[in-house]
Amino acid sequence: MTAAEIREEILDILEAIAPDEDLSNIDDSVNFRDQLELDSMDFLDIVMELRKRHRIQIPEDDYIELASMNSTVAFLEPLMKDIQKV
Amino acid sequence: MYDTIIIGAGMSGLAAGIRLAYFDQRVLVLERHFTIGGLNSFYRLRGRDYDVGLHALTNITPKGSKRGPLARLLRQLRLSWDDLQISPQLGSDIVFPGVRLSFDNDLDLLREEVAREFPLQIDRFDRLIAEIVEYDDLDESHQQISARERLAEALTDPLLVEMLFCPLMFYGSAREHDMDWGQFSIMFRSIFMEGLGRPHAGVRLILKQLVRRYRGLGGELKLRAGVQRLAVEDGRVTGVVLENGEEVAARRILSSAGWSETMRMCDDGAPVVSRVPGRLSFCETIASLDVEPHTLGHNRTITFFNDSEKFDWSRPELPCDLRSGVICSPNNFQYGKPLDDGTIRITALANFDYWRHLDEHDYRLEKLRWYDSITASAVRFVPDYRHRVVDTDMFTPTTIVRFTGHENGAVYGSPEKQFDGRTHLENLFVCGTDQGFVGIIGSIVSGISMANQHCLRE
Ligand SMILES: Cc1cc2nc3c(=O)[nH]c(=O)nc-3n(C[C@H](O)[C@H](O)[C@H](O)COP(=O)(O)OP(=O)(O)OC[C@H]3O[C@@H](n4cnc5c(N)ncnc54)[C@H](O)[C@@H]3O)c2cc1C
């Protein structure tokens, strides 16, 4: 997956977690926590969804890499480069 | 081999099951009873639908709210607000001799009421609210502080203190006489700051949504499948043995059966760490009316009453405590269309030991006798509806034991909670009533968070 495709995938996951949330104006450089009111349970869900969808394991120490869209995409790019977008 | 076996198909067990099945685990929920729901199930009797427990759901925040337990659980279970079809309450009262405080799902009403009835307390009340807003429900150190001590510092009118405790204890205190400050804050927020609501179809709607979700994700559910014991080897559970002798293996177990109940099932011979069992149980009367309660002049959703200035939250010496109670009319919510029947339900504290020792004949007679006494006590606080009653039902602490297995019929379980859900075995965990959160919304949140913490991280 390319960085753009990973971004799409993360948006899709966020939509599954928070269906009532408006994601169209999301600022990629700002923490999810500050703009979306996600709590720690929701962060676990991003990790779990990635595992469910793409079999990617993210160790607990790396959860902080998922703070914003930019940091998430940067962190996932090497992990997801061989995954095909479906 | 299952990834996780969940004991109990009540609110907490089903919610945990959804989480695990959603993330592709092989999950089995085992339920002893012939139906789902546990403490809050539903049934049909002489052509009418009844809920076992449901007065109201707590924590009702409006659609679109992102904060609070309701929003959190909807996100976690991937349900939408509309799935639960919740209608907010019309308005409820706390009634003590000479004083009535009304509240609804907007905290401003309660503030105005306190300002009117207790003008000298309102500034203090506001500061108390600010403190409750600040309370962090993930900080367990607060759990140990006595709410009575805290409130005695915060407010100087003991009557107001009693009136605030009455609804919060009735809806969620496993401890006699007092509450933990943490539990007080959680209950205060869930009832006074968020609010009460109910689906038009009652608890069955919630349970059906949970079970449909769970099964749709491939979760398995077995009814009439009581777990007799847990097979333990080298500090780990390896599986369960059912009451019919069948053995089922699992990598871990999450139990909503209660702390002591679960400990007793372990066959490792480890001494059951004794915990003070809960002692607080209820009798509940249910009256079907041939009119809606509002035609009798009763439009309150819930009326919490106490007939003296001091509220006594303890196991009564008498079979039922007639001094206090909770009167609920399921009709009095903001529905789009009326319910089929008028209904009034009353909850009163009850003494489990008394009810347990009656033989069948006396049990039936005593039920009738106490049905009448409880109702007579309640109509001191709401319009007398007894001439409109077309059918009745009643349950006692022994009914609660029969349907849920909870020791002493203790609705809110043991006063000592196991907040981290862990046990002496590394792959056995508890959720629900004895983990820490009670009520329908509370136990769903408990199931979710124990599933997240102990069953999904590996
Ligand atoms: C009369 C009454 C009124 C109430 N009113 C309200 C209300 O208005 N609003 C509200 O929010 N809450 C209310 N509650 C509280 C609420 O119902 C409970 O807090 C909640 O349902 C607890 O859910 P749980 O999953 O923790 O436990 P339970 O519902 O007790 O679930 C445990 C399940 O485990 C099963 N089980 C036990 N042992 C075994 C075994 N060995 N093998 C297999 N299965 C087993 C039991 O049969 C049960 O189904 C009320 C409760 C009562 C009794």
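In this predicted model, B:Pro199 is buried, with a relative accessible area of 0%. The residue lies in strand β8 of chain B, which runs over residues 197–199. Leaving out residues up to four places away in sequence, B:Pro199 touches B:Leu54, B:Leu57, B:Leu84, B:Gln85, B:Ile86, B:Leu205, B:Ile206 and B:Tyr335. A separation along the chain can also be set beside a separation in space, for B:Pro199 and B:Asp83 are 116 residues apart in sequence and 9.7 Å apart from C-alpha to C-alpha.

One of the residues that B:Pro199 touches, B:Gln85, is found in the loop between α2 and β5 of chain B. B:Gln85 counts as partly exposed, at 47% relative accessibility, and its phi is near 45 degrees, a positive value in a residue other than glycine. Most residues other than glycine have a negative phi. B:Arg46 likewise has a phi near 45 degrees, a positive value in a residue other than glycine, and it lies in the loop between β3 (42–45) and β4 (48–51) of chain B. With a relative accessible area of 55%, B:Arg46 is exposed, because the cut-off for that class is over 50%.

The helix before the loop of B:Gln85 is the next stop. Helix α2 of chain B, residues 68–77, is mostly covered, seven of its ten residues being buried; these are B:Leu70, B:Ala71, B:Leu73, B:Leu74, B:Arg75, B:Gln76 and B:Leu77. What covers them comes from both chains, and includes α1 (3–17) and α3 (40–54) of chain A together with α1, β5 (86–88), α8 (203–216) and α13 of chain B. After α2(B) comes B:Arg78, whose phi is positive, near 55 degrees.

Helix α5 of chain B, residues 147–154, has its buried residues at B:Ala147, B:Arg150, B:Leu151 and B:Ala154. These four lie on the same side of α5(B), because they cover an arc of only 95 degrees around the axis. On the other side of α5(B), B:Glu149, B:Ala152 and B:Glu153 are exposed. The cover over the buried residues of α5(B) includes three helices of chain B, namely α4 (122–134), α6 (158–170) and α7 (181–194). At the start of α5(B), a side-chain oxygen of B:Ser146 reaches to within 3.3 Å of the backbone nitrogen of B:Arg148.

Two further buried residues show what surrounds a polar side chain in this model. B:Ser102 has its place in strand β7 of chain B, residues 99–103, and counts as buried at 14% relative accessibility, since the limit for that class is under 20%. The side chains of B:Ser102 and B:Asp93 are joined by a polar contact of 2.8 Å. Apart from its neighbours within four places in sequence, B:Ser102 is in contact with B:Ser92, B:Asp93, B:Leu109, B:Leu110, B:Glu113 and B:Arg300. B:Thr433, found in the loop between β18 (428–430) and α13 of chain B, also counts as buried, at 12% relative accessibility. With its neighbours within four places in sequence left aside, B:Thr433 is in contact with B:Leu39, B:His406, B:Val411, B:Tyr412, B:Gly413, B:Lys417 and B:Val438.

One of the contacts of B:Thr433, B:His406, leads on to the ligand, since B:His406 is among the residues that come nearest to it, along with B:Ser12, B:Glu31, B:Asn40 and B:His55, out of the 34 residues around the ligand. The residues of this shell divide into 15 nonpolar, 16 polar and three charged. Three helices of chain B, α1 (11–22), α12 (397–404) and α13 (439–455), each supply at least two residues of the shell, and α13(B) gives the largest share, three residues.

Several polar approaches to the ligand can be located at the level of atoms. A nitrogen atom of the ligand lies 3.1 Å from a backbone N or O atom of B:Arg32, and an oxygen atom of the ligand lies 3.4 Å from a backbone N or O atom of B:Phe403. An N or O atom in the side chain of B:Ser443 is 3.4 Å from an oxygen atom of the ligand. Of the 1,000 Å² of accessible area that the ligand has on its own, the protein covers 98%.

Notes: Residues numbered from 1 in each chain as written. Chains lettered and ligands numbered in written order. Predicted model: local features only at pLDDT ≥ 70, side-chain atom pairs only at ≥ 80, totals over all residues. Heavy atoms only, no water. Near = heavy atom within 4 Å. Polar contact = N/O pair within 3.5 Å; in protein donor to acceptor, adjacent residues only side chain to side chain. Areas by Shrake-Rupley, 256 points an atom, 1.4 Å probe, with all protein chains shown as cover. Nonpolar A, V, L, I, M, F, W, Y, C, P; charged D, E, K, R; others polar. Buried < 20%, exposed > 50% of the residue type's maximum accessible area, 1.4 Å probe, protein only. Arc of directions from axis to C-beta. Contact = heavy atoms within 4.5 Å.
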